[in-house]
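Biologist: I have the sequence and the model open in front of me. Could you walk me through what you see, taking my questions as they come?

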Amino acid sequence: MDPFLAAALEEARLGLAEGGIPIGSVLVIDGQIAGRGHNRRVQQGSAVLHAEMDALENAGRLTAADYARSTLYSTLSPCDMCSGAALLYGVPRVVVGENRTFQGPEDYVRSRGVELEIVDDPECVELMRRFIAEKPELWNEDIGV
């Protein structure tokens, strides 16, 4: 497994261990992790703290030139909000662990010039499938259903 996707998966497992939703993300710039995060909506009582948003927040204030050299890794296909944040900051590449359990606006993200790679990692798929089966109400809350 790609080491950066592995770091995102580590974040997802940390979120699950904290009682949250097991989605993880890392922002990579020039081959280094600049920000790590996991979905912390439950833990923080937040409306917006998805994994990608957490990773971007933890990376801190960056320049447009920094974002232009970045890749956002996520264990799950980013939702509209997180995809929008990547587009807003000009992240040119997004690597997704899996999109079987949830698919964000991937065609739109691609249409905006972002290179989107779907890995279809079995560990990412199994983690989400198990979580959705065990806590469907929490999952539905997270995706606005």
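Modeller: One term first: two strands are said to pair if DSSP finds at least two bridges between them. Please also keep in mind that this is a predicted model.

Biologist: Fine. What is the order of the strands in the sheet?

Modeller: The sheet is open and has five strands in the order β2-β1-β3-β4-β5, and the pairing is mixed. At the edges are β2, residues 32–38, and β5, residues 115–118, each of which pairs on one side only. From one strand to the next the twist averages 15°.

Biologist: How do β1 and β2 pair, parallel or antiparallel?

Modeller: They are antiparallel, with six bridges between them, and Leu27 stands opposite Gly35 in β2. The two strands form a hairpin with two residues in between, and Asp30 in that turn has a positive phi of about 55°.

Biologist: And how many bridges are there between β1 and β3?

Modeller: There are five, and this pair is antiparallel as well. One of the bridges links Val28 to its partner Thr71 in β3. Thr71 also has a bridge partner in β4, namely Arg93, and there β3 (residues 70–74) and β4 (residues 93–96) run parallel, joined by four bridges.

Biologist: Let me stay with Val28 for a moment. Is Val28 buried or exposed?

Modeller: Val28, which is found in strand β1, is buried, because its relative accessible area is 6%, and buried means under 20%. Leaving aside residues up to four places away in sequence, Val28 touches Phe4, Ile33, Ala34, Arg69, Ser70, Thr71 and Tyr73.

Biologist: Which residues point the one way from β1, and which the other?

Modeller: Gly24, Val26 and Val28 point one way, while Ser25, Leu27 and Ile29 point the other way, and all are buried. Since six of the six residues of β1 are buried, the strand is largely enclosed by the rest of the structure.

Biologist: Switching to helices now. Which strands does α3 lie across?

Modeller: Helix α3, residues 51–59, lies across β1, β2 and β3, and it runs at about 135° to β2. Helix α3 also packs against α5 at an angle of about 35°, with the two axes 8 Å apart.

Biologist: Which residues meet where α3 packs on α5?

Modeller: From α3 they are Glu52, Met53 and Leu56, and from α5 they are Met81, Cys82 and Ala85. Five residues of that contact are nonpolar, none is polar and one is charged.

Biologist: Which residues of α5 are buried, and what covers them?

Modeller: In α5, residues 80–88, the buried ones are Cys82, Ser83, Ala85, Ala86 and Leu87. Their cover includes α3, β3 and α6. After α5 comes Gly90, which has a positive phi near 75°.

Biologist: Last topic, pockets. How much space lies in the largest pocket, and which residues line it?

Modeller: The largest pocket holds about 150 Å³ of space, and its lining consists of Met53, Leu56, Glu57, Gly60, Arg61, Leu62, Tyr67, Ala85 and Tyr89. Of these, three residues come from α3, which is the largest share of the lining. By class, six lining residues are nonpolar, one is polar and two are charged. You will recognise Met53, Leu56 and Ala85, which also belong to the contact of α3 with α5.

Definitions and conventions: Residues numbered from 1 in each chain as written. Predicted model: local features only at pLDDT ≥ 70, side-chain atom pairs only at ≥ 80, totals over all residues. Heavy atoms only, no water. Axes fitted to C-alpha atoms, helices over the stretch in contact; angles between N-to-C directions. Contact = heavy atoms within 4.5 Å. 1 Å grid on protein atoms, 1.4 Å probe; cavity = no way out; pocket = protein on both sides within 12 Å on 5 of 7 lines; lining within 4 Å. Points joined across faces, edges and corners; volume = space filled by probe spheres on them. Nonpolar A, V, L, I, M, F, W, Y, C, P; charged D, E, K, R; others polar. Buried < 20%, exposed > 50% of the residue type's maximum accessible area, 1.4 Å probe, protein only.
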